[in-house]
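Morning, everyone. Please have the sequence and the structure open while I talk.

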2 protein chains.
Amino acid sequence: MFSDKVMDNLKRASWIRAMFEQGNKLKQEFGAENVYDYSIGNPEVEPPIEVVEAINEIAADDSPGIHRYMPNAGYPFVKKAIAGKLAVQYGMEVPDENICMVCGAAAGLNVVFKSILNPDEEVIIFAPYFAEYKFYVGNGGGMPVVVETKDDFQIDVEAFKSAITYKTKAVLINSPNNPTGVVYSEETLKDMAKVIKEKEKELGINILLISDEPYNEITYDVEKLPVVFQIFEKAVVVNSYSKSLALPGERIGYIAVSPKIESCDKLMAAIIFNNRTLGFVNAPAISQRIVEKAINASVNSDIYKERRDVLYNHLISLGFKCQKPDGAFYLFVKSPVEDELEFVAKAQKYNVLVVPGRGFGRAGYFRMSFCISLDTIKRSLPALDKIASEYF
Amino acid sequence: MFSDKVMDNLKRASWIRAMFEQGNKLKQEFGAENVYDYSIGNPEVEPPIEVVEAINEIAADDSPGIHRYMPNAGYPFVKKAIAGKLAVQYGMEVPDENICMVCGAAAGLNVVFKSILNPDEEVIIFAPYFAEYKFYVGNGGGMPVVVETKDDFQIDVEAFKSAITYKTKAVLINSPNNPTGVVYSEETLKDMAKVIKEKEKELGINILLISDEPYNEITYDVEKLPVVFQIFEKAVVVNSYSKSLALPGERIGYIAVSPKIESCDKLMAAIIFNNRTLGFVNAPAISQRIVEKAINASVNSDIYKERRDVLYNHLISLGFKCQKPDGAFYLFVKSPVEDELEFVAKAQKYNVLVVPGRGFGRAGYFRMSFCISLDTIKRSLPALDKIASEYF
């Protein structure tokens with residue numbers, strides 16, 4: 001009755017979802033306030049005031065037609081607002097028509113892969129990775145090729161180079177990174193761009209750099225994120241307002257295609273076609289209007305910085321080993337025992353929920369999502385002490 | 001650089017989109033008020049007052065977390081409201097957990113096809129059909145098989161029977177129908193159910209009936225739509241509020257799986273998985289809340305009935321041949337010349353935009369969408385007279 005492939009995928013349970021369900025069970029048993037749920041990246045922070053004001057303005061707007069279909073790529077005035085912001089951030093013009101509004105970054109990535117991939121073409125992703133990437137590439141008919149990062153989770157440019165074949169169609173990067181919080185340096189990206197250029201020439205292929213940037217507004221001690229449109233010849237940025245405006249439930253983001261790409265109008269046509277036929281049709285009208293009205297707003301990343309510092313410093317003081325995140329709201333911590341499932345089970349005994357690293361393609365680690373309240377984090381510290389005392 | 005298949009699809013231009021663009025050109029040249037655009041199904045009617053009130057309530061709601069992720073299948077309280085309404089409409093219980101909120105019917109159909117189809121399995125669709133169906137089936141990896149309907153656009157049950165093979169996985173029906181406005185009778189559906197049962201036994205296969213029902217609240221002189229969950233053993237309903245609440249831009253609908261399906265929990269798991277991994281993640285939070293608050297609201301179909309009557313009666317009086325629609329807001333009219341492209345071009349000379357039937361898999365006809373204002377329809381009548389005078 002069902003798709004065999006989907007049934008097969010369902011058997012390989014999502015670790016994040018499994019933890020989420022385990023969390024609900026524990027919360028029922030012990031009370032929500034006694035469970036420390038570091039499992040999911042669902043921002044506890046509320047949207048900035050500009051979003052609240054935008055929704056009030058939209059509710060008060062009685063112009064006709066504001067809930068009708070608009071062009072599949074989104075409202076022209078919304079795309080214009082985003083293009084204006086990108087021009088400043090990127091230090092270069094991004095034409096409005098190179099932007100397509102989408103139902104969040106997950107939608108954007110599915111649309112881009114469907115637009116570029118022929119059967120069995122390869123997309124390079126870096127481990128540890130956001131687990132859904134493999135499904136997105138598969139939905140587009142392609143094959144994910146996993147390249148391991150270095151011990152500090154920075155890209156190993158030599159390993160990247162070795163992974164490129166004549167079937168390589170794209171490279172997907174995610175910086176600030178989920179699950180590691182790492183931000184790739186301009187130098188690393190420039191080295192990657194050089195490798196891509198060499199390999200394109202050698203193999204007679206075209207390689208698209210796809211940059212998934214939902215955490216671009218959540219960085220710590222980072223002066224400015226490198227601009228992929230400046231560094232790479234052929235780049236596409238996929239972004240979402242789920243984190244920067246704290247409204248993941250509203251499904252809103254965009255795809256921006258670099259104007260440096262030859263015949264980028266064809267790529268845009270393919271993107272808009274797939275946005276329509278994959279069933280998104282257009283990004284939600286209200287969400288688009290919110291983005292336009294709150295175009296310069298963003299959650300205050302200092303809120304997350306404080307949480308990072310409390311949690312990170314405490315873990316380090318206990319003897320845990322962890323790369324200090326420069327962005328996003330995750331810690332990817334080395335498990336004190338080789339089998340991190342054993343550690344995850346132990347932590348659950350103290351009502352602390354973390355996600356096994358194998359869910360992100362790197363066993364021996366676990367992820368803690370610190371987008372929960374500072375109070376919850378502080379109240380969890382004694383439980384972390386007890387867990388640590390069993391290992392250190 | 002791009003997906004060959006997508007580039008190939010792009011070449012086969014969408015007729016609806018082509019007309020939409022031609023319309024914009026004509027409107028620039030002659031002024032919007034002098035162009036009679038019957039091309040697109042974008043409701044000109046405003047959402048009912050309950051929707052406006054719902055948006056005001058949502059804007060005033062300062063509870064924390066209302067824009068966060070919720071379960072991928074949607075808010076439990078929204079699914080509960082829909083299940084309650086379906087119980088009355090269907091005369092049978094539909095468990096909340098058999099409902100998945102989706103970003104409109106286009107999303108729902110993509111999710112369902114991805115959940116059931118193995119490579120090259122067949123989905124039967126009936127011509128004339130909504131042109132996007134072929135893409136949705138293809139995205140799920142399946143093959144659309146087109147069965148012609150009778151002259152009155154009712155299903156030819158014998159032709160349907162002949163089209164079923166051991167590869168048939170599903171049958172997609174759409175009633176009230178786009179583009180014909182036809183409503184399938186209970187008798188026809190019961191005959192189809194009988195054929196499915198016979199063929200399942202004969203071929204040792206399972207066939208899912210998928211009913212795409214976005215126009216279910218827009219019917220004329222129809223007492224009650226047949227209930228597919230009652231008639232078929234294995235049925236899935238895909239619905240959208242784009243037409244019934246006139247908010248197509250907000251992307252909101254649902255999938256309902258018949259509780260009669262054995263292991264329907266597995267099908268739901270596959271649907272929720274694909275809703276997530278195809279990149280929808282969840283239906284927009286605000287749109288879900290609107291639906292719950294406006295659960296008993298619907299646009300007044302008498303508005304459309306008046307428009308249907310004015311346009312239909314006038315066309316018939318001029319000599320055109322057309323099935324009188326029982327639902328939806330389209331007329332599918334026989335072209336007075338065999339090549340309907342010739343007729344479409346002629347109509348454009350009088351600033352009347354209609355869509356060629358070949359865009360819906362039936363050449364020799366054209367579609368007129370009467371979800372435009374009554375005033376526009378009335379002002380278009382002299383132009384229709386002039387067009388008719390060239391043929392009759």
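I will go from the chain pair, to the domains, to the sheets.

Before anything else: this is a predicted model.

Start with how the two chains relate. Chain B can be laid on chain A by a turn of 180 degrees. The shift along the axis is 0.0 Å, and the RMSD is 0.0 Å. That is the relation of a two-fold axis. Which residue of chain B comes closest to that rotation axis? Ala59(B) does, with its C-alpha at 3.3 Å.

Now the interface. Chain B puts 58 residues into the contact, and chain A puts in 58 residues. On the chain B side, six elements give two or more residues each. They are α1 (4–11), α3 (49–60), α5 (104–116), α6 (133–139), α10 (264–277) and α11 (285–293) of chain B. Which of them gives the largest share? That is α5(B), with eight residues. By type, the chain B side divides into 33 nonpolar, 17 polar and eight charged residues. And 100% of the interface residues of chain B are also interface residues in chain A, so the copies meet through the same surface.

Let me zoom in on one helix pair across that interface. Take α10 of chain A, residues 264–277, against α1(B). Their axes come within 10 Å and cross at roughly 85 degrees. That makes α10(A) roughly perpendicular to α1(B). From α10(A), the contact uses Ala269(A), Ala270(A), Phe273(A) and Asn274(A). From α1(B), it uses Val6(B), Met7(B), Asn9(B) and Leu10(B). Count by type and you get six nonpolar, two polar and no charged residues.

Next, inside chain A. The domain assignment gives two domains. Domain 1 comes in two pieces, 4–47 and 299–389. Domain 2 covers 62–293. How far apart are their C-alpha centres? They lie 27 Å apart. Where the domains touch, domain 1 of chain A supplies 27 residues and domain 2 of chain A supplies 28 residues. On the domain 1 side, α12 (301–318) and β9 (330–334) of chain A each give at least two residues. The largest share, four residues, comes from α12(A). That side of domain 1 divides into 12 nonpolar, nine polar and six charged residues.

Stay with α12(A), as it has another partner to look at. That partner is helix α14 of chain A, residues 374–389. The two axes come within 10 Å and cross at roughly 10 degrees. That makes α12(A) roughly parallel to α14(A). On the α12(A) side, the residues are Glu306(A), Arg307(A), Val310(A), Leu311(A), His314(A), Leu315(A) and Leu318(A). They meet Leu374(A), Ile377(A), Lys378(A), Leu381(A), Leu384(A), Asp385(A) and Ala388(A) of α14(A). The split here is nine nonpolar, one polar and four charged.

Now the sheets. I will use chain B for these.

First up, a sheet of seven strands. It is open, its pairing is mixed, and the order is β2-β8-β7-β6-β5-β3-β4. Which strands sit at the edges? Those are β2 (99–102) and β4 (143–148) of chain B, each pairing on one side only. Neighbouring strands are turned by 20 degrees against each other on average, direction ignored.

Look at the β2(B) end. β2(B) pairs with β8 of chain B, residues 253–257, in the antiparallel sense. Four bridges join them. Val102(B) stands opposite Gly253(B) in β8(B). Helix α4 of chain B, residues 76–90, lies across β2 and β8 of chain B. The helix runs at about 115 degrees to β2(B).

The other sheet has three strands, in the order β9-β12-β11 of chain B. This one is open too, with antiparallel pairing. The edge strands are β9 (330–334) and β11 (355–356) of chain B. Five bridges join β9(B) to β12 of chain B, residues 365–369. Within that pair, Phe332(B) stands opposite Arg367(B).

To wrap up, three points to keep. The two chains follow the relation of a two-fold axis. The copies meet through the same surface. And α12(A) gives the largest share of the domain 1 side that touches domain 2 of chain A, while also packing roughly parallel to α14(A). Thanks, and over to you.

Notes. Residues numbered from 1 in each chain as written. Chains lettered and ligands numbered in written order. Predicted model: local features only at pLDDT ≥ 70, side-chain atom pairs only at ≥ 80, totals over all residues. Domains from an automatic or database assignment. Contact = placed C-beta atoms within 7 Å. Nonpolar A, V, L, I, M, F, W, Y, C, P; charged D, E, K, R; others polar. Pairing = 2+ DSSP bridges. Axes fitted to C-alpha atoms, helices over the stretch in contact; angles between N-to-C directions. Parallel < 35°, antiparallel > 145°, perpendicular 65-115°, else oblique. Least-squares fit on C-alpha atoms with pLDDT ≥ 70 in both.
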